[in-house]
Structure formats: structure tokens, C-alpha cells
Amino acid sequence: MRTQVGIIGAGPAGLMLSHLLYLHGIDSVVLERKSKDAIENTIRAGVLEQGTVDLLSATGLGERMKREGIIHDGIELQFHNKRHRININELTNGKRIMLYAQHEVIRDLVKARMEASGNLFFSVSDVELHNVTSNSPSITYTHKGEKNELICDFIAGCDGYHGPSRQAIPEDVRVEMEHEYPFGWLGIMTETPLAHPELIYTNHERGFALLSTRTPELQRHYIQVDPNDDIKNWSDDRIWTELHLRTETVDGWRLVDGPIIQKNIVAMRSFICETMRYGQLFLAGDAAHIVPPTGAKGLNLAIGDIQVLARGLKELYNEGKGDILAHYSDICLRRVWKALRFSNWMTMMLHRNKNHSPFEYGIQIAELDYVVSSKAGSTSLAENYAGLPIEWLNESQIIVH
Ligand code: RFL
Ligand code: PHB
């Protein structure tokens, strides 16, 4: 089989790329290890930046999101059991965020690709990349027991942190940087009414907590735990006790509890791979970078990479211009580094580190106090949280990074 762009992975990055390429008249094939059912039901991100919402709407994917998603104009930061609102809308001249689950975005994308008779192959195995520096790289894979070869012009590695694409870049070419945090997030899905009209990020002496939402009847909450802790140690009662202690306020606000229908623990890390391009192979999304979830950036960064890649491929195929593709890695990494910085900053400001001295704790609280009481401080948080713009090539075509 032959295609213009072979895409490995049907997460938000791979599916969005295939959708945008279709709109530009460029042929692609998506190869996904998991089943359609599995990718459509895995619980992950929930916050979409304004830029992601705008892209989904502009490309015909906004209808259900607009109906079922929940728009938020701000977030709450809580410390010393008091809340402080960051008015993102006002501080960013009108930007907003949308609460719409990642698996709903995936469902909308899969539906759109299938209605357009797109080539999506689920439950493939043995995916391998070949000749990525040649003009016709290829991907071999097994589907329904048969071995296949897909010959392409380009390969998009959208296969997440553990996928094979990044490994196809020789070790002496790629530079990988990683930072592990001594924090984990225990996430729950609970059948309870909306806790609060906006997300609440809490710094408490017992540890971080986040109150988020999915629908008016289904809430998503997180508490900081040891990253090596076992979910079996966390009964529903113990989770609610911690959530209550960490989120109650001095004026007597108390969370409503109820049945927990799903719970799990994830460790937190930052990771970045320089370069994001090698020959005809382009990495996008979690395949190239990971951020801790505190800044709600992972999915949005993946979509940002794809905007750059899709535009680069469109300019090359339809207009014969190769500038964007030539600078793909620089354009993306510039934005990714800023999101890594922001996610790291949010994480360090909001989590309790048991090894911190009283001095370090004092600095952390002063940082929060500064952010909520200074317009410059809260504006910086707001513009990063709502999403920084993609910085395209400047006039002299020189990218600093
Ligand atoms: P994905 O979604 O991991 O998709 C990669 C796909 O590649 C497939 N794959 C393979 N396919 C074929 N052959 C192979 N050998 C393959 N190996 C892997 C996988 O099966 C998968 O389907 O990466 P992508 O597209 O780059 O998207 C990234 C996002 O999924 C991720 O960054 C976010 O979920 C991160 N994230 C959040 N991001 C946000 O923007 N806002 C949030 O509020 C937010 N909250 C979160 C999060 C991630 C979390 N977890 C679970 C780490 C909350 C949590 C708890
Ligand atoms: C979520 O709703 O899953 C969520 C919200 C905000 C974050 C991370 C995750 O920062």
C-alpha cells in the first residue's frame, strides 16, 4: 500500500493530523495499536485551550463540543483554605477554556474520519519504521494476522511516549531530557453534582487537590499521592476524607461526595526530545514531549504540533513551499519549552513536597500570594493557562532556539 503521509497512533495528534490533511486534499493512513473501543473510552485530559476549541470548530468538529462542553472563564487557586479567582477571560482579552473530555474529541475525530472513508486501521501490531531518511520511508505492521507494508512520502510519529517512532531517530541524533517529580495524582471519576462552576486548584499542607468536571452529573477530581503508592491502599472513604480536608474553606464550603466509578494513580514527569524531526519522520504530541498534568497542556500541545505539521505539509504539497516543514522542530519546540516551563511552575507552586524546609514552604505560599494579588502575576498565569500562540517563522526566517 502507498500513501502520502503514514501516521502511527490514533490519539488526538494522529487523528487530528489525518483530519486536517484530508481537508487539504492530502492522503494519509493511520495505524493504531489499540481497538477503536479502547481509544474511545480511555479517560485522560479534560481541558481544551481556546486555540484547540477554535481549530476543532473551524474544521467541522465543533458541533457536539459546543452542545456538551462546558465553557469556563476562569479558575480558582486555593491556599490556606481560602479561594482566589483568576479571571482568565478578562486577563487575556476574551480567551476561555472548554471542559470537554479527550475521549469525546477522539470519538468526534474517528467519526469524521470514518464518514470521509479515511484509512484507519485499529488493533495493528509489530509496527516498525524503515528508511526514514530516504525519500520513500515505509512502515511495516501486522493487521488481522497479515503482514503489510505502507510506503509513504512522510511518516508522522504520533504514537505517544512508549511508541516506536522516537526510537527510529538514532541515539546520537536525539537529545532526551527528563525530570521526574516526587508526586503522583490519584484521579477519580464520581457520580456527583458539579462541585463548583470552575476548576479549583488547591495547595494544602496535606497535599495538592484539584476539583474538575466532565458533565453536570460526572465529576473528575485529583489528589496528590506518592507516585509509587498502590491504588489498593485507597478505599473510597479514604479518598473522600482527603478530598474534604484539602478542599474545605474557612467559610465552611464542603464538597458533596458520592459513588466513585473509576480511580487510578499516575506518576508525573516532564520529558522533551530534541529534535522532533529526522529525515522524513516528524514526531508530534506525547511521542516528543510530556508535561505534568497540572497545567492541562498535554493534549493542547499535541494539537499545536499538528497545526504546524499540517500547515507545513499543505504548503509543500499544494504550494511547493518547504519553509515550515524545514523549521518544524524549531517552531514546535519553542512553544513546547514554554509549556514545560509553565507546567513545571504550576506543579512546584501547588504540590506539597515533604522534603521542603519551612523556608521553601514560605516561598511557595508567597508565590501563590503574589500570583493572586498582582495583576502581572495573575496575567502571566492566565495567558499561559489559556494557551500561548504558535510563533510561526518571522520575516527573516530565523528561529531562535
Ligand atoms: P496519545 O493520546 O498517547 O496517543 C498515542 C496513540 O499511539 C498509539 N500507539 C501505537 N500505535 C501503533 N503502534 C504502536 N507501536 C503504538 N504505540 C502507541 C497509542 O495506543 C495511542 O492511541 O498521544 P497524543 O496523540 O500525542 O496525545 C497526547 C495526549 O493524550 C496527552 O498529552 C494528554 O492526555 C495529557 N493530559 C492532559 N492534557 C491536556 O491538554 N489537558 C488536560 O487536562 C490533561 N489532563 C492528561 C491529563 C494526561 C493524564 N494522564 C493519564 C497521563 C490528565 C491525566 C491524568
Ligand atoms: C481534568 O479535568 O482531567 C484536568 C483538569 C485540569 C488539569 C488536569 C486535568 O490541570
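Analyst: Strands here are DSSP runs of at least two residues, numbered from the N terminus. One more point before we start: this is a predicted model.

User: Let's begin with ligand 2. Which strand gives the most to the shell around it?

Analyst: E15 does, with 3 residues. Strand E15 spans 209-215. Strand E16 (218-225) is also among the elements that supply at least two residues of that shell.

User: How many residues are around ligand 2, and which come nearest?

Analyst: There are 14. Tyr201, Ser212, Arg214, Tyr222 and Pro293 come nearest. Sort the shell by class and you get 8 nonpolar, 3 polar and 3 charged residues.

User: Which side chains place a polar atom by an oxygen of ligand 2, and at what distance?

Analyst: Take the N or O pairs within 3.5 Å. Ser212 has a polar side-chain atom 2.6 Å from an oxygen atom of ligand 2. For Tyr201, the distance from such an atom to a ligand oxygen is 2.7 Å. For Arg214, it is 2.8 Å.

User: How much of the accessible area of ligand 2 does the protein cover?

Analyst: On its own, ligand 2 has 280 Å² of accessible area. The protein covers 96% of that.

User: Now cavities. What shows where empty space is left?

Analyst: The general idea is to roll a probe the size of a water molecule over the atoms, which reveals where empty space remains. In this structure, the count is 3 cavities of 30 Å³ or more.

User: What is the volume of the largest cavity, and which helix gives the most to its lining?

Analyst: The volume is about 70 Å³. Helix H10, residues 328-350, gives the most, with 4 residues. The lining includes Arg335, Lys338, Ala339 and Phe342. Glu49, Lys297, Leu301, Asn384, Gly387 and Leu388 line this cavity too.

User: How do the residues of that lining divide by class?

Analyst: They divide into 4 nonpolar, 2 polar and 4 charged.

User: And the second largest cavity: what is its volume, and which residues line it?

Analyst: Its volume is about 40 Å³. The lining consists of Leu194, Ala195, His196, Glu198, Leu199, Leu211, Ser212 and Thr213. Class by class, that is 4 nonpolar, 3 polar and 1 charged. Ser212 is a name to recall: it lines this cavity and also comes among the nearest residues to ligand 2.

User: Pockets are open, unlike cavities. What is the volume of the second largest pocket?

Analyst: About 280 Å³. Its lining counts 16 residues. Those nearest its centre are Gln224, Val225, Asp226, Arg352 and Lys354. Strand E13 (175-190), E16 and helix H7 (236-247) each supply at least two lining residues. E16 therefore reappears from the ligand 2 shell. By class, the pocket lining has 4 nonpolar, 4 polar and 8 charged residues.

User: Last, sheets. What is the strand order in the open sheet of 3 strands, and how are the strands paired?

Analyst: The order is E3-E7-E4, and the pairing is antiparallel. Strands E3 (47-48) and E4 (70-72) are at the edges; each has a single partner strand, so one side of each has no neighbour in the sheet.

User: How many bridges join E3 to E7, and which residue of E7 partners Leu48?

Analyst: 2 bridges join them. E7 covers residues 97-99. Within it, Met98 is the bridge partner of Leu48.

Notes
Residues are numbered from 1 along each chain as its sequence is written. Chains are lettered from A and ligands numbered from 1 in the order in which they are written. This is a predicted model: local features need pLDDT of at least 70, side-chain atom pairs count only at pLDDT 80 or more; totals for chains, interfaces and linings use all residues. Side-chain values use heavy atoms; hydrogens and water are left out. On a 1 Å grid over the protein atoms alone, a cavity is a set of points where a 1.4 Å probe fits but cannot get out, and a pocket is an open set with protein on both sides within 12 Å along at least five of seven lines; lining residues have an atom within 4 Å of a point. Grid points are joined across faces, edges and corners, and a volume is the space filled by probe spheres set on the points. Ala, Val, Leu, Ile, Met, Phe, Trp, Tyr, Cys and Pro count as nonpolar, Asp, Glu, Lys and Arg as charged, and the others, Gly among them, as polar. A residue is near a molecule or strand if one of its heavy atoms lies within 4 Å of it. A polar contact is a pair of N or O atoms within 3.5 Å; within protein, one must be able to donate a hydrogen and the other to accept it, and residues adjacent in sequence count only if both atoms are side-chain atoms. Accessible areas come from the Shrake-Rupley method with a 1.4 Å probe; for residues, only the protein chains shown count as cover. Two strands pair if DSSP finds at least two bridges between them.
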